[in-house]
Amino acid sequence: MKRVYKIKGGNPLKGTVHISGAKNATVALIPAAILAKEGVVTICDLPDISDVESLLILLNELNVKTELRGRDLIIDTSGMVNTALEHNAVTKLRASYYFMGALLGKYRDVKIRMSGGCDLGPRPIDLHEKGFEALGATVEYDRGFYHIYAKDLKGADIYLDIASVGATINIMMAAVYAKGRTVIDNAAKEPEIVDVAIMLNKMGAQIRGAGTSTITIDGVESLGGCLHEIIPDRIEAGTFVIIAAAAGEDVLVDNIIPQHIEALTSKLKEMNADLEIGPDWVRVKKSAELKAVDIQTQTYPGFATDLQQPITPLLTQANGTSQIKETIYAQRFNHCPELQRMGADITVHNPYCTINGPTPLYGDEVSATDLRCGASLVVAGLIAEGITTISNIEYIERGYDSLDEKLRALGASIWLEETE
Ligand code: EPU
């Protein structure tokens, strides 16, 4: 049975959408919670996404007890056993690699399959490995399996050649129990890193500087439980702001931290979109005519690569030629052939893509090749004339909490269909 989204484009969207807890924070907070040696960790405002389901399977493999009370996840590590993570769930998402740092930190030994995740071109983890090795670990890799172990972990000065989100979080987790001080230089500054550091500090860690390019971790003996509320998802927020700019009459995107999407809202203002920014919301009204802009993706606080794909269909509606330069994943343009099929005038020449607008979009059968490609096709479907059928929606469900329901509540005509 194949599940697809069907979208009948053209409905003017109105109302309020409530943004869920951040996927990319959640998928790190769950592995971080297993660093507790006593007490329980409660993570609040858990998004309902399939990446979380995969991580709960892995917690179960480790004999960690979990309980879901509404949107609160309670994690009890009292019976935890350090088993090899061979389950298929490891390959369902990228973030399963956070168990490397967490298990290495807690047990000095981790056996885990290679993680999976969206195909955005090459995604090496050499910087994670380099960080673990600097702390004193040996990293062995054989046919899809990692074995990382250490007799002792000792604090070290680690310079990241690229400000990698994953490497920064993984090294931070491995270092919380290392002896002495670890300093990560050229650390990534994404809000999700700050969220993980805040939770680890509530558990008893000594991490300073998260959110800047130098993070200092002083090793401690033991971490305990805590209660932590996940930050709102800036990429889901950004996606809805883009959707509202593309198809909105009057939409309030609520429960967000507007500062986290400033690069996006500034670009949209440059495009002439009608935006009002409040303390924890952004209101988007229908704007007269959108202007073409150039975008360059960057690490935070620059324009997020995860919003590059969703904004592309909006640029097809702007007057003039827009150019996107993708500096994080040079090949992250799998959405472009699908948008072309719907009528977009796009040329891809990695790491650039050029969009001539405005062009009408027409409903067609398209396929989500990765999570944010899926979001991009949903934006396109909401603009397009006629019916768009999006297959491979499992990608979308990995990272967007009830996207179809939230859109229906705004008046969109989107429904799920099961076909042979
Ligand atoms: N890189 C290396 N070596 C490494 C690690 C990264 O060369 O050891 C390179 C990557 O290939 C890439 C760049 O450095 O070119 C940045 O990668 P980073 O490590 O920062 O990305 P990530 O941690 O794998 C997270 C998000 C991605 C998001 C990127 C960039 C999670 C689970 N994933 O990935 O989110 O695109 O940061 O902001 O947090 C998504 O949500 O759709 C998504 C793909």
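1. A residue counts as buried when its relative accessible area is under 20%. By that cut-off, buried residues make up 56% of the 420 residues in this chain. Please keep in mind as you read that this is a predicted model.

2. On the overall fold, the chain holds 13 helices and 23 strands. Its radius of gyration is 21 Å, close to the 22 Å that the globule rule gives for 420 residues, so the chain is as compact as a globular protein of that length. Along the principal axes, the C-alpha atoms fill a box of roughly 60 × 45 × 40 Å.

3. A word on contacts: taking those with a separation of 6 or more, 73% are between residues 24 or more positions apart.

4. Turning to the surface, the accessible area of the chain comes to about 16,100 Å². Carbon and sulfur atoms account for 46% of that surface. As for charge, there are 40 positive and 55 negative side chains, and the centres of these two sets lie 3 Å apart.

5. Now for one residue you may like to find in the viewer. Leu416 sits in strand β23, which covers residues 413-419. Is Leu416 buried or exposed? Neither label fits: its relative accessible area is 33%, and partly exposed lies between under 20% and over 50%, so Leu416 is partly exposed.

6. Which residues does Leu416 touch, leaving aside its neighbours within four places in sequence? Its contacts are Arg3, Val4 and Tyr5, together with Ile393, Glu397 and Asp404. For a sense of distance, Ala330 is 86 residues from Leu416 in sequence and 32 Å away in space, C-alpha to C-alpha.

Methods. Residues numbered from 1 in each chain as written. Predicted model: local features only at pLDDT ≥ 70, side-chain atom pairs only at ≥ 80, totals over all residues. Heavy atoms only, no water. Helix = DSSP H or I, 4+ residues; strand = E, 2+ residues; numbered from the N terminus. Buried < 20%, exposed > 50% of the residue type's maximum accessible area, 1.4 Å probe, protein only. Contact = heavy atoms within 4.5 Å. Rg over C-alpha atoms; globule rule 2.2 N^0.38 Å. Areas by Shrake-Rupley, 256 points an atom, 1.4 Å probe, with all protein chains shown as cover. Lys, Arg positive; Asp, Glu negative; His and termini not counted. Charge placed at Lys NZ, Arg CZ, Asp CG, Glu CD.
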